[in-house]
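Morning, everyone. Please bring up the model on your screens. I'll take the sheet, then a pair of helices.

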Amino acid sequence: MNLLERELHYPFGDQMPEPGSTFEVAPGVRWVRMVLPFALNHINLWLLRDEIDGRQGWTIVDCCIARDESRAQWEQIFANELQGLPVLRVIVTHMHPDHIGLADWLCSRWNAPLWISSTDYHTARVLCGMGDSAAGGEEAASFFAAHGLVDEEAVAKIRARTSYYSNMVPAVPKNFVRMMEGDIVTIGGRAWRCISGYGHAPEHISLYCEELNVLLGGDMMLPRISTNVSVYAGEPESNPLRLFLESIRRFKELPADVLGLPAHGKPFTGVHRRVEQLEEHHRDHLAELMEACGARALSAAEAMPVLFKRPLDLHQTTFAMGETVAHLHYLWFGGRLQRSLGEDGIYRFAATRAG
Ligand SMILES: [Zn+2]
């Protein structure tokens, strides 16, 4: 446990559900933990006891990526944990592959509707249909090159990685039920309020149940790792860090003792403190970047080691580049950095003189 984690509280300690089983964390709320084949090696999914149109059953929150191992883990859950009842609904917090990957399979298998924000639904449909401009392809290669990634081998590999998203999200359901900020979703007779969040995905939906004092935070409120906040090739002029910081501030409106159920890590309390930790984390990153860009104009590739001090493989480099551009853009939009485009086609950022 790192220093920051000591400021949070894990009410279940190190207890967690075995693969293929579940663990009750609040009345009618069961924790499912599935393996992911990445550095981030697991995802938390949730089973909520529900009743829709007079039918008893379950609502699933988030799905895992599409692969045989995940489908096998779900089949085990279905056999052992549903008390003979069907899945009635699939809620997806946002369009990233570990959350939406198996939505199509789950919805077809149970003839259940998909509930998701409209923005994330349509983004997922576009990406799974045409390959992924977020993590690979020509668009991504030119985006990273414009931010100073000059290693030709790395750029070539990014250019060649065209079906990154569709491999993990082969399809999404043909229709959906829209969730929006402030909507109340009734699950098992209890009201869950949708809280939209930006900066990580186009329109991430967290769900808060006042009666249970539980927050299904998805990727917007993680206890251990900081949420990925990146600029992507598909929206190269965006300012996602501003959106993210504005979004997480709203979690401080919830009760201080709310139980946070994150998509990665363990259920925790201390959401208010966690918001402050993330604010401090990004404030420190921004200060370090300001200092580095005060000495000379830097491209994102040159500024990346300021934020990421360990060696990175290509996959991590693409994430780190996106995050570095996000921090540079925050300062640029805030007027503290100015951007220039060199004759070499590379963007560089320098401290604003007047500032
Ligand atoms: Zn995500």
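Start with the sheet in this predicted model. It is open and has 7 strands. Read them across and the order is S1-S2-S3-S4-S5-S6-S7. The pairing is mixed. A quick reminder: strands of a sheet pair through backbone hydrogen bonds, either parallel or antiparallel.

Which strands sit at the edges? Strand S1, residues 23-26, and strand S7, residues 177-178. Each of these pairs on one side only.

Stay with S7. Its partner is strand S6, residues 114-116, and the two run parallel. How many bridges join S6 to S7? There are 2. In one of them, tryptophan 115 has valine 177 of S7 as its bridge partner.

Now add a helix. Helix H4, residues 103-110, packs on the sheet. Helix H4 touches strand S4 (55-61), strand S5 (87-91) and S6. Compare directions: H4 makes about 160° with S5.

Next, the helix pair. Find helix H9, residues 240-249, and helix H10, residues 271-295. Their axes come within 10 Å. They cross at roughly 155°. Angles over 145 degrees count as roughly antiparallel, so that is how H9 and H10 lie to each other. The crossing is left-handed.

What meets what here? From H9, take Leu241, Phe244, Leu245, Ile248 and Arg249. From H10, take Val275, Leu278, Glu279, His282 and Leu286. Sort the residues of this contact by type: 7 are nonpolar, 1 is polar and 2 are charged.

That's my tour. Over to you.

Technical notes
Residues numbered from 1 in each chain as written. Predicted model: local features only at pLDDT ≥ 70, side-chain atom pairs only at ≥ 80, totals over all residues. Heavy atoms only, no water. Pairing = 2+ DSSP bridges. Helix = DSSP H or I, 4+ residues; strand = E, 2+ residues; numbered from the N terminus. Contact = heavy atoms within 4.5 Å. Axes fitted to C-alpha atoms, helices over the stretch in contact; angles between N-to-C directions. Parallel < 35°, antiparallel > 145°, perpendicular 65-115°, else oblique. Left-handed = near helix turned anticlockwise from the far one by under 90°. Nonpolar A, V, L, I, M, F, W, Y, C, P; charged D, E, K, R; others polar.
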